[in-house]
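Work through the exercises below with the sequence and the 3D view open. Try each task before reading its solution.

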Amino acid sequence: MAEIEAQEPTDESSGGGADIDGRATPDKLAGLIAAALALGVTEFAAGVVEPIPSLIEAIGNSVIDLSPSAVVKWGIRTFGKWDKHALAVGIVIISLGLGFVLGPATRHKKLTAPVAMSLAAIVGIAAAIQDPLSQGGWAIIGAALGVAAGNASLWWMLSFTRPSQSPTASTADESRRRFMLTATAGASAAVILPTAGRKLAERFNVEAARSQVVLNTTTTSTTAAQSSSTPSALGVADIEGLTPFYVPNDEFYRIDTAFTVPQVDPGSWTLKVDGAVDNALEISFDELVERSTTEVDVTLSCVSNRVGDDLVGNAKWIGVPLTELLDEAGVQPEGEQIFSRSVDGWTCGFPTALAYDGRNALVAVGMNGEPLPTAHGFPARLVVAGLYGYVSATKWLDRITLTGWEDADGYWIPRGWSKTGPIKTQSRIDVPRSSSIEAGTHPVAGVAWAPTRGISKVEISIDDGPWIETTLGPIQSEESWRQWWYGWDATPGDHTVKVRATDGTGAVQTSEPHAPAPDGATGHHTRAYEVSA
Ligand SMILES: Nc1nc2c(c(=O)[nH]1)N[C@H]1C(S)=C(S)[C@@H](COP(=O)(O)O)O[C@H]1N2
Ligand SMILES: [Mo]
C-alpha cells in the first residue's frame, strides 16, 4: 500500500518528461472519444425513452433564448434554414474540443473528467429545466448515463496509454494494441449511438398523425374563390424565377426560436382561450378542424426581412376566424390584447381591436390545402393579415389569453422590438436574378405587398430615371402580395433597376433606408446588372 502511494506521485510528475509526447496524442484522442461517447449515449437515451430530452436540443434552445436578438438574427441570416443545424454542429464541436483537453488533464488528475463532465451535464440539465418542451427530471437520467459512459471509457482508454511499470517492448506493444482496439470501438459507438438515437426518436414525431388529418373545406370564402384562377393559367408562370403567388409549403420561409420542430400530438392537444373573457374555452383538435371552414389568402412577413430578402411568403390558410372563438368566449373590456402562447413557451401579442377591424385573423389548421406542416405550426397557428409574424403568428399554438395591453409582452418585445408590428409596404425584384445578362428584352418581375391595404401600383426606375408603371399580376387581394412585371429592353453597359410600390390608400413606399430593427425595414430594393452586347 505504502509502496504504491509513494509510486503514484513519481509517476505523475516525472513520468511526464520523456514520455509525454509519446502519449499526449492518444490521451487527447481518448478524451475526444470519451466526450463523443458521453454525448452519444445521451442522444441514444433520448431516442429510446420519449421523455428523456436530447441535451443537444435543450442546450440549443437555451442558447437561442439567451443569445442577444442580434446574434439570433445573425445566425438566421448567415445559415438560413440551416441555422439550427449550424448551432447543433457548434455545440458538438465545443463538446468534442473540451474532450480533447480533458484526456491529458485527466491523466494528470483523475477527477478532472468526472468533475468536468458533471459540470457539462449540469449545463444540459439546467437547459432542459428551462425548456418548456423538455423535462428536467428526465434530463438527469440521460445526463447521468452520458457522464458514466464518458468517464468509464476515458479511464479505460487512459489505462492503456499509461507508461508501463515494467516497460518491456512486448507489454508496450500489447498496451498500444489494446488502446487502438478500445479507441476504435469507442469511436464507432460514439457515431452509431447518436445516429441510432436520432433515428429511434423519429417514432415520436407527429407526421403520421398529421397525414391523417382531413381538412374541412366545404365552404370557401370569396377571397379563395377569387384566387381559383391561378397565375399560371394567365401566363405569369412563363416568367422564370418569379416567385409564385402561392409559395409551396416546403419552400415557405421558416422563422422561429425552436431548435427542433415541436412535435405536438393532436390527440391530446387542446386550444385554451382564457384571461379577460366571460367563459374560458378549451377546444380539441377534432373540434377545431370541424369548424375550420374559412379559407383565405394572406401574406406573412418577418419583421427581420431586409429589403430584397425572402422572409416573406403568401399562402392559402384554412382555419377558424379568431373573432368566432373570441365572441364565444366573450371578451371583457380589459381584454385589450390577444396574447398567444406556443407549446414551446414562445409568446406574442397584438391589440384585440385589430382582430375586429375587418381583417382576416385565423386560428389556422391548413396551409395551401394541406394540414399545417409541422415546421409551420401543426396542429394550429395564428395567421393575422397585416401584422408581422413576431407579434401575431404563433405556431404550435396552445393558449390565447386576453390581457391588458401593458400586462404582458411577447417574446421579442423585451429583446428590443416594437410592441406594435404592422407590415410596411415593400416590393422586391425577383428577376433577372443573375447580375450579368445579355442585351435584349428581359422581364423584370417580382412581388409587392402591403397586407390589409393592398397594392395599387408598382413602378420601376432604371438608372435612376423616371418611374415606369409595371403590369400587376392577376390575383388581387388586399391581404396578399401582388406579382408584377415589365419588359425591359436592356442595352449594353452597367445598369441599376429599383422598384417601389403604392398601397391601396395611395401611399407610396418610402425610399428612406431603415434597418429591420425595431419595427421593419424600409427602402427601395435595387439590383445592379452588367449587360453584355
Ligand atoms: N412558436 C413560435 N411561433 C412563431 C415564432 C416562434 O419563434 N415561435 N416566430 C414568429 C415569427 S418571428 C414569424 S416571422 C413567423 C414565421 O412563420 P413561418 O415560419 O410559418 O413562416 O412565425 C411566428 N411564430
Ligand atoms: Mo419574424
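**Exercise 1.** In which sense do strand 14 and strand 18 pair, and over how many bridges?

Solution. The model used here is predicted.
- Step 1: Find strand 18, residues 493-503; strand 14 and strand 18 run antiparallel to each other and are joined over seven bridges.
- Step 2: Take one bridge as a check: S461 has K498 of strand 18 as its partner.
- Step 3: Look at strand 15, residues 468-469, which pairs with strand 14 in the antiparallel sense over two bridges. Here I460 is bridged to I468.
- Step 4: Consider the surroundings of strand 14, residues 455-462. Six of its eight residues are buried, so the strand is largely enclosed by the rest of the structure.

**Exercise 2.** Describe the connection between strand 14 and strand 15.

Solution.
- Step 1: The two strands form a hairpin, with five residues between them.
- Step 2: In the turn, D463 has a positive phi of about 50°.
- Step 3: D464 lies in the loop between strand 14 and strand 15, and its phi is near 60°, a positive value in a residue other than glycine.
- Step 4: Is D464 buried or exposed? Its relative accessible area is 59%. The cut-off for exposed is over 50%, so D464 is exposed.

**Exercise 3.** Classify the aromatic pair of F252 and Y253, then that of W488 and Y529.

Solution.
- Step 1: The structure holds 11 aromatic pairs.
- Step 2: For F252 and Y253, the ring centres are 5.4 Å apart and the planes meet at 20°. Planes under 30 degrees apart count as stacked, so this pair is stacked.
- Step 3: Both F252 and Y253 are buried.
- Step 4: For W488 and Y529, the centres are 5.6 Å apart and the angle between the planes is 55°, which makes the pair tilted.
- Step 5: W488 belongs to strand 17 (residues 482-490) and Y529 to strand 19 (residues 526-532), so the pair ties together parts that are 41 residues apart in sequence.
- Step 6: W488 is buried at a relative accessible area of 4%, and Y529 is buried at 3%.
- Step 7: Return to F252 and Y253: together with W317 they form one aromatic cluster.

**Exercise 4.** Which ring does the charged end of K110 sit over, and which residue lies over the face of Y411?

Solution.
- Step 1: The charged end of K110 is over the ring of W155, 4.3 Å from the ring centre.
- Step 2: R415 lies over the face of Y411, 3.7 Å from the ring centre.

**Exercise 5.** Examine the loop between strand 8 and strand 9, starting from T374.

Solution.
- Step 1: T374 is in this loop, between strand 8 (370-371) and strand 9 (381-384).
- Step 2: Its relative accessible area is 13%, and T374 is buried.
- Step 3: Leaving out residues up to four places away in sequence, T374 touches several residues, among them V206, E207, R210 and W396.
- Step 4: Follow the contact to W396, which is found in the loop between helix 14 (389-392) and strand 10 (397-403). W396 is buried at 2% relative accessibility, and its phi is positive, near 50°.
- Step 5: P379 also has its place in the loop between strand 8 and strand 9. The peptide bond joining F378 and P379 is cis, with omega about 10°.

Technical notes. Residues numbered from 1 in each chain as written. Chains lettered and ligands numbered in written order. Predicted model: local features only at pLDDT ≥ 70, side-chain atom pairs only at ≥ 80, totals over all residues. Heavy atoms only, no water. Phe/Tyr/Trp six-rings, centres within 6.5 Å; stacked < 30°, edge-to-face > 60°. Buried < 20%, exposed > 50% of the residue type's maximum accessible area, 1.4 Å probe, protein only. Helix = DSSP H or I, 4+ residues; strand = E, 2+ residues; numbered from the N terminus. Lys NZ or Arg CZ within 6 Å of the ring centre and 35° of its normal. Contact = heavy atoms within 4.5 Å. Pairing = 2+ DSSP bridges.
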